[in-house]
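I opened this notebook to keep track of what I looked up in a single chain. The entries go from the overall fold to single residues.

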Amino acid sequence: GREGIALVAALGAFALWSGITIVWSIEPDRSWETTNRAFAYLAFLLLGTLLPRALAAWGLGALAGAAAIWGLGGKIVPALGPDTDRSARLLEPVGYWNALALLLAMSLPVWLWLAARRRDWAAVALFLSLVALVLTTSRGGILVAAVACAAWLALARPRFDGLVALAVAAPPAAAVSAWALSRPGIADAGVGDRADDGAVLGLLLVVGAGLVWAVARALRPAAARTAVAGVAAAAAVLLVAGFVLADVGAAWDEFRNPPA
């Protein structure tokens with residue numbers, strides 16, 4: 001389609017322009033690295049256009065899901081995870097929490113789209129991805145995730161199964177994330193009983209994933225519409241209550257974390 005051709009052309013032009021800038025770059029070696037990376041992105045995009053759409057989506061979802069499970073596994077079994085003396089943010093296997101958060105944020109529309117094919121497994125993937133996203137504590141990543149989901153819900157057709165999967169996955173993900181952020185062994189650097197907290201987190205993830213899978217699989221259309229409406233209403237009430245009860249200015253300053 002025209003949108004796909006425009007996307008390939010735009011990325012191809014960017015890659016070509018990156019190569020041309022080597023002529024006048026003050027650091028041509030870094031410009032060369034950028035050019036290589038851009039052409040690698042272009043190659044993956046072209047590969048994606050040749051694959052069946054569902055196969056490409058499942059492949060992207062599998063990569064992002066593996067990253068989420070890898071990162072969460074380091075929290076469940078601290079010996080397998082990175083050193084947390086400096087930071088307890090979820091960052092593996094990417095090595096940087098903001099980059100991992102963006103990867104997870106980009107996977108959310110993929111799972112929402114795949115929900116039309118396998119709503120139960122897509123809901124489980126959304127549940128794990130949302131928990132992992134929150135544990136990165138990346139403000140930018142969370143904002144990108146919110147914008148990505150909102151854009152998908154506004155533009156995608158059909159979207160009902162994606163809405164149901166998100167409505168089923170979001171509440172338990174919020175509950176598990178809130179508990180995890182309250183535990184020093186998970187949320188704080190270098191303190192707390194990480195082994196015990198990790199074991200409980202693993203149990204909560206397994207139970208939550210099983211519950212999400214069962215509910216997403218069992219919901220029939222009428223019950224699914226009720227679930228979506230109920231979660232949307234609860235989210236709206238919580239949002240309004242948060243604005244009413246909280247000092248919005250102080251909360252925004254805390255969220256954007258300005259330098260002292």
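The entries below follow the order in which I looked things up.

**Entry 1: the model and its fold.** I note at the outset that this is a predicted model, and that I read every value below as computed from it. I looked up the secondary structure and found eleven helices and zero strands in the chain, so that I could write the order of elements from the N terminus on as α-α-α-α-α-α-α-α-α-α-α.

**Entry 2: burial, contacts and surface.** How many of the residues count as buried? Of the 260 residues of the chain, the share that counts as buried is 33%. I then turned to the contacts between residues at least 6 apart in sequence, and I found that 69% of them join residues at least 24 apart. For the accessible surface of the chain I wrote down about 15,100 Å², with 71% of this belonging to carbon and sulfur atoms.

**Entry 3: a nonpolar patch.** Which residues form a nonpolar patch on the surface? I listed L16, W17, I20, V23, W24 and F39, which together have about 690 Å² of accessible area. Helix α1, spanning residues 2–20, gives the most to this patch, with three residues. I looked more carefully at L16, which has its place in helix α1; L16 counts as exposed because its relative accessibility is 52%, and the cut-off for that class is over 50%.

**Entry 4: a buried serine.** I moved on to S31, which I found in helix α2, residues 28–50. Is S31 buried or exposed? S31 counts as buried because its relative accessibility is 14%, where the limit for burial is under 20%. Leaving aside residues up to four places away in sequence, I found that S31 touches S18, T21, I22 and S25.

**Entry 5: aromatic rings and a charge.** I counted the aromatic pairs, and the count comes to four. Among them is the pair of Y96 and W97, with 5.5 Å from centre to centre and 50° between the planes, which is tilted. The angle falls in the tilted class because stacked planes are under 30 degrees apart and edge-to-face planes over 60. I also checked how far the two partners are covered: Y96 is partly exposed, with a relative accessible area of 41%, and W97 is likewise partly exposed, at 23%. At another ring, that of W113, I found R117 lying over the face, at 3.9 Å from the ring centre.

**Entry 6: backbone in the loops.** Where do the cis peptide bonds that I noted lie? One of them runs from E92 to P93, with omega near 10°, and P93 lies in the loop between α3 (53–76) and α4 (97–114). Another joins R157 and P158, with omega about -10°, and here P158 lies in the loop between α6 (139–155) and α7 (160–181).

I ended with T137, which has a positive phi of about 45° although it is not a glycine. This residue, T137, lies in the loop between α5 (119–135) and α6, and T137 counts as partly exposed because its relative accessibility is 31%, a value between the limits of 20% and 50%.

Conventions: Residues are numbered from 1 along each chain as its sequence is written. This is a predicted model: local features need pLDDT of at least 70, side-chain atom pairs count only at pLDDT 80 or more; totals for chains, interfaces and linings use all residues. Side-chain values use heavy atoms; hydrogens and water are left out. Rings of Phe, Tyr and Trp (its six-membered ring) pair if their centres lie within 6.5 Å; planes under 30 degrees apart count as stacked, over 60 as edge-to-face and the rest as tilted. Buried means under 20% relative accessible area, exposed over 50%, partly exposed in between (1.4 Å probe, protein chains only). A charge sits over a ring if NZ of Lys or CZ of Arg is within 6 Å of the ring centre and within 35 degrees of the ring normal. Patches are made of residues with over 30% relative accessible area and no salt bridge: like charges are joined within 9 Å, nonpolar side chains (Val, Leu, Ile, Met, Phe, Trp, Tyr) within 5 Å. Accessible areas come from the Shrake-Rupley method with a 1.4 Å probe; for residues, only the protein chains shown count as cover. A salt bridge is a side-chain nitrogen of Lys or Arg within 4 Å of a carboxyl oxygen of Asp or Glu. Helices (H or I, at least four residues) and strands (E, at least two) are DSSP runs, numbered from the N terminus. Contact means heavy atoms within 4.5 Å.
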